[in-house]
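Open the model in your viewer and keep the sequence panel beside it. The tour begins with the whole chain and then moves to one region of the surface.

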Amino acid sequence: MRKWAAGITDTVASGVPAEAVHLGVPVVAAPFWSTALGTQPAVGRAVETLRGQGVRVVFTEGEPHLPKRGDGAGFGWGEA
């Protein structure tokens, strides 16, 4: 998300949503990161930057998760 928020779209995964939101396509981002990463100031700024561009950033139950405790299989896709 930090690269996306900074306008660095060097992969399809970041380029497509970065363009889509500015073409009027609704974009939702549901981050999957640890509390350790989430405490870095750049992460919070990235979330606010993306929200300011119209991206809906949502956190599912259990996110952010404790370091090395993320349950990728149990991620809240339906919730997102």
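A contact here means that heavy atoms lie within 4.5 Å of each other. With that cut-off applied to this predicted model, consider the contacts between residues at least 6 apart in sequence, of which 69% join residues at least 24 apart.

Next, select the whole protein and colour it by secondary structure, which comes to four helices and two strands. Followed from the N terminus, the elements appear in the order α-α-β-α-α-β.

Keep the whole protein selected, show the C-alpha atoms alone, and turn the view along the principal axes, where these atoms fill a box of roughly 35 × 30 × 20 Å. The radius of gyration is 13 Å, which agrees with a compact globule, because a globule of 80 residues would have a value near 12 Å.

Now switch to a surface representation, whose accessible area comes to about 5,200 Å², with 57% of it belonging to carbon and sulfur atoms. Of the 80 residues, 31% count as buried, taking buried to mean under 20% relative accessible area.

Where on this surface should one look for the largest pocket, and which residues are closest to its centre? Select M1, R2, K3, W4 and S14, which are the closest to the centre among the 14 residues of the lining. The pocket itself holds about 220 Å³ of space. Then extend the selection to α1 (2–5), α2 (12–22) and α4 (41–52), the elements that each give two or more residues to the lining. Coloured by class, the lining shows nine nonpolar, two polar and three charged residues.

Terms used. Residues are numbered from 1 along each chain as its sequence is written. This is a predicted model: local features need pLDDT of at least 70, side-chain atom pairs count only at pLDDT 80 or more; totals for chains, interfaces and linings use all residues. Side-chain values use heavy atoms; hydrogens and water are left out. On a 1 Å grid over the protein atoms alone, a cavity is a set of points where a 1.4 Å probe fits but cannot get out, and a pocket is an open set with protein on both sides within 12 Å along at least five of seven lines; lining residues have an atom within 4 Å of a point. Grid points are joined across faces, edges and corners, and a volume is the space filled by probe spheres set on the points. Ala, Val, Leu, Ile, Met, Phe, Trp, Tyr, Cys and Pro count as nonpolar, Asp, Glu, Lys and Arg as charged, and the others, Gly among them, as polar. The radius of gyration is taken over C-alpha atoms; the globule rule is 2.2 Å times the number of residues to the power 0.38. Buried means under 20% relative accessible area, exposed over 50%, partly exposed in between (1.4 Å probe, protein chains only). Accessible areas come from the Shrake-Rupley method with a 1.4 Å probe; for residues, only the protein chains shown count as cover.
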